[in-house]
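Please look over the sequence and the model below before reading on. The paragraphs that follow go from the confidence of the model to its sheet and helices, and then to a few individual side chains.

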Amino acid sequence: MKKGIIIVFSEDEERINKDELINLSNHKNTELCLVNNGSKDHTLEVLNAVKDNLESTCISIIDIKKNIRTIAAVKAGARYLFSVGAVSYTHLTLPTICSV
């Protein structure tokens, strides 16, 4: 059963770790969905360059033209993965903010 990993990017051109994306794409039974959430910089171009340099077909890129809430961008990625039959289920874990 394939796992889907959805990563949302917004104005992250300089922070994209290309090596980590390549490493994630090499995992067996994993489909990556990279969501560009309304970036005005070159985030989309960087994501496309990473995808183009890989032989793997397990990377999809969604370009959302206008910045929306992060959870809505994640939902867009999940809808895409389900619509193309890439995954059978999904699990969403959101980071929590802890105050010490």
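What pLDDT does the protein chain average, and what percentage of the residues score at least 70? This is a predicted model, and its protein chain averages a pLDDT of 86, with 89% of the residues scoring at least 70. Confidence is lowest in helix H1 (residues 18-25), where the mean is 88, and highest in strand S3 (residues 59-64), where it reaches 95. Over residues 96-100 the pLDDT stays under 50, and the model has zero contacts for them beyond four places in sequence.

The sheet is a good place to begin the tour. It is an open sheet of three strands, which follow the order S1-S2-S3 with parallel pairing. Strand S1 (3-9) and S3 stand at the edges and have a single partner strand each, so one side of each is left without a neighbour in the sheet. On average, neighbouring strands of this sheet are turned by 20 degrees against each other, direction ignored. Strand S2 (residues 30-37) runs parallel to S3 and is joined to it by six bridges, and Cys-33 stands opposite Ser-60 in S3.

Two helices can now be added to this picture. H1 packs on the sheet, where it touches S1, S2 and S3, and its direction makes about 145 degrees with that of S2. Helix H2 (residues 43-52) also lies across S1, S2 and S3, running at about 165 degrees to S3.

Within strand S2, Asn-36 deserves a closer look. Asn-36 counts as buried because its relative accessibility is 2%, and among the residues it touches are Phe-9, Leu-47 and Ile-62. Its side chain also makes a polar contact of 2.8 Å with the side chain of Asp-63. Asp-63, which is partly exposed with a relative accessible area of 27%, forms a salt bridge with Lys-65, their closest N and O atoms being 2.8 Å apart.

Side chains of opposite charge can pair when their charged atoms come close. The count of salt bridges in the model comes to three. One of them joins Lys-2 to Glu-31, with the closest N and O atoms 3.5 Å apart. Lys-2 lies in the segment before S1 and Glu-31 in strand S2, so this pair ties together parts that are 29 residues apart in sequence. Lys-2 is partly exposed, at 33% relative accessible area, whereas Glu-31, at 6%, counts as buried. Another salt bridge links Arg-15 with Asp-12, the closest N and O atoms being 2.3 Å apart; here Arg-15 is exposed, at 62%, while Asp-12 is buried, at 13%.

Conventions: Residues are numbered from 1 along each chain as its sequence is written. This is a predicted model: local features need pLDDT of at least 70, side-chain atom pairs count only at pLDDT 80 or more; totals for chains, interfaces and linings use all residues. Side-chain values use heavy atoms; hydrogens and water are left out. pLDDT is the predictor's confidence in each residue, from 0 to 100. Helices (H or I, at least four residues) and strands (E, at least two) are DSSP runs, numbered from the N terminus. Contact means heavy atoms within 4.5 Å. Two strands pair if DSSP finds at least two bridges between them. Axes are lines fitted to C-alpha atoms, for helices over the stretch in contact, and angles run from 0 to 180 degrees between N-to-C directions. Buried means under 20% relative accessible area, exposed over 50%, partly exposed in between (1.4 Å probe, protein chains only). A polar contact is a pair of N or O atoms within 3.5 Å; within protein, one must be able to donate a hydrogen and the other to accept it, and residues adjacent in sequence count only if both atoms are side-chain atoms. A salt bridge is a side-chain nitrogen of Lys or Arg within 4 Å of a carboxyl oxygen of Asp or Glu.
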